Amino acid sequence: MLNNIGVSGLVIILAIALVLFGPSKLPQLGRAFGDTLREFRSSTRGIVEEEETSSESAVKQLVEKR
């Protein structure tokens, strides 16, 4: 979806954001977006690690039963 956005598309999006929010709010919005993205990544990483741990323990249990 985002692969089709070129440089001109990004410029248009930034211009619209500048008009809607003004130059004083853009840094705050960028910071909030970055924090949200960072939290999402850490949560996703935690879920993946839990899944790997649970699958490893399930494999160990199967091996022990044999």
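Select R38 to begin: at 55% relative accessibility, R38 is exposed, because the cut-off for exposed is over 50%. Keep in mind throughout that this is a predicted model.

With R38 still shown, add D35. The two residues form a salt bridge, and their closest N and O atoms are 2.8 Å apart. A search of the whole structure finds one salt bridge. Colour helix α2 and both partners light up: D35 and R38 lie in this helix, three residues apart, which is about one turn of the helix. How accessible is D35? Its relative accessibility is 40%, so D35 counts as partly exposed; that class covers values between the buried limit of 20% and the exposed limit of 50%.

Stay on helix α2, which runs over residues 26–65, and select E50 within it. E50 has a relative accessible area of 58% and is therefore exposed. Now extend the selection to E49, E51, E52 and E56. Together with E50, these residues gather in a patch of negative charge on the surface.

Next, move to helix α1, residues 7–21, and pick S8, which is placed there. Is S8 buried or exposed? S8 counts as exposed, because its relative accessibility is 55%.

For the last stop, keep S8 selected and add T53. Draw a distance between the two C-alpha atoms: S8 and T53 are 44 Å apart in space, with their positions 45 residues apart in sequence numbering.

Key:
Residues are numbered from 1 along each chain as its sequence is written. This is a predicted model: local features need pLDDT of at least 70, side-chain atom pairs count only at pLDDT 80 or more; totals for chains, interfaces and linings use all residues. Side-chain values use heavy atoms; hydrogens and water are left out. Patches are made of residues with over 30% relative accessible area and no salt bridge: like charges are joined within 9 Å, nonpolar side chains (Val, Leu, Ile, Met, Phe, Trp, Tyr) within 5 Å. Accessible areas come from the Shrake-Rupley method with a 1.4 Å probe; for residues, only the protein chains shown count as cover. A salt bridge is a side-chain nitrogen of Lys or Arg within 4 Å of a carboxyl oxygen of Asp or Glu. Lys and Arg count as positive and Asp and Glu as negative; His and the chain ends are not counted. The place of a charge is taken as NZ of Lys, CZ of Arg, CG of Asp or CD of Glu. Helices (H or I, at least four residues) and strands (E, at least two) are DSSP runs, numbered from the N terminus. Buried means under 20% relative accessible area, exposed over 50%, partly exposed in between (1.4 Å probe, protein chains only).
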